[in-house]
Amino acid sequence: MTQEKAKEKYDELFATEADKAAAFDEIARRFYFANFATMSKSDFETLLFSLYLEQILNCSENNYDAYSDYTLSKVLGVPQSRISTLKVRKELQYPYSKFNWKESFKRISQRAIYEDRKIRLYIPDRNLYLEIKNAVETSGGYVEMQLSPNLLQIRPEYFIDLVLAISDDDDRKKASEEIKKRAKEKDKTIEFMERKSFGQQLGGFAPEIIADLLSNIPGVGPLVGTLFKNVCKAIIG
């Protein structure tokens with residue numbers, strides 16, 4: 001991207017004098033309050049990146065392409081790997097107050113596909129990927145590492161555990177009871193053990209059967225309902 005195009009983007013994001021003044025005040029607070037040159041170059045770059053990225057998020061949070069690693073690397077003139085690192089550092093040092101990773105996960109789940117008995121979902125935002133990965137591992141599952149660092153791969157039965165782990169208590173109870181009920185209708189010999197997750201106990205079910213277990217579960221909220229709907233769509237096609 002040319003400097004002229006990059007400047008147009010800057011002028012679009014910092015369109016008013018108030019926007020520019022607020023950004024400069026953030027910089028001044030770390031240099032002109034008896035603390036000049038105490039910030040490292042890396043931390044200064046993270047601050048500048050945070051100010052820039054938050055302007056994008058305030059305007060286009062639902063448009064992942066607007067702040068993808070590729071898009072930002074073109075605008076800022078640095079490698080995509082550097083952008084990914086800056087995003088992680090930014091979220092650690094200057095967390096975005098409006099970031100709701102569960103809602104972001106719900107929105108992006110419509111892109112999920114099913115291949116080789118795995119749900120595959122490319123997640124363009126590194127921080128969202130790390131939140132989902134942590135939820136998977138906390139619920140007893142695991143994420144298969146790939147050459148593409150933002151590609152989530154998880155078996156359908158462990159996807160159930162992930163969704164239940166991030167849902168509220170009421171939805172978790174309703175969904176769990178309904179899934180167990182439907183599973184027993186499919187296989188009368190199955191006995192669910194409290195200490196084992198659905199991923200550990202439903203591994204013998206065909207993916208189409210798992211999709212049937214998750215289809216149109218009554219009474220659950222939009223987070224659980226949408227995630228299960230999209231994974232069913234990915235499996236059945």
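A polar contact, as the term is used in these legends, is a pair of N or O atoms within 3.5 Å, of which, within protein, one must be able to donate a hydrogen and the other to accept it.

**View 1. The side chains of Lys-90 and Ser-50 in the predicted model.** The two side chains are joined by a polar contact of 3.1 Å. Lys-90 belongs to helix H5, which spans residues 80-93, and with a relative accessible area of 2% this lysine is buried.

**View 2. The surroundings of Lys-90.** When neighbours within four places in sequence are left aside, Lys-90 is in contact with Thr-46, Phe-49, Ser-50, Leu-53 and Glu-54, and also with Pro-95 and Tyr-96. Ser-50, one of these residues, is the partner in the polar contact of the first view.

**View 3. Cys-59 and Cys-232.** Cys-59 has a relative accessibility of 61% and counts as exposed, whereas Cys-232, at 7%, counts as buried. A disulfide is a covalent bond between the sulfur atoms of two cysteines; the count of disulfides in this model is 0.

**View 4. The protein as the setting of the close-ups.** The secondary structure comprises 12 helices and 3 strands, and the C-alpha atoms fill a box of roughly 70 × 35 × 30 Å along the principal axes. Of the 237 residues, 46% count as buried, while about 13200 Å² of the protein is exposed, with carbon and sulfur atoms supplying 52% of that area. There are 36 positive and 36 negative side chains, and the centres of these two sets lie 2 Å apart.

Definitions and conventions:
Residues numbered from 1 in each chain as written. Predicted model: local features only at pLDDT ≥ 70, side-chain atom pairs only at ≥ 80, totals over all residues. Heavy atoms only, no water. Helix = DSSP H or I, 4+ residues; strand = E, 2+ residues; numbered from the N terminus. Buried < 20%, exposed > 50% of the residue type's maximum accessible area, 1.4 Å probe, protein only. Contact = heavy atoms within 4.5 Å. Disulfide = S-S within 2.5 Å. Areas by Shrake-Rupley, 256 points an atom, 1.4 Å probe, with all protein chains shown as cover. Lys, Arg positive; Asp, Glu negative; His and termini not counted. Charge placed at Lys NZ, Arg CZ, Asp CG, Glu CD.
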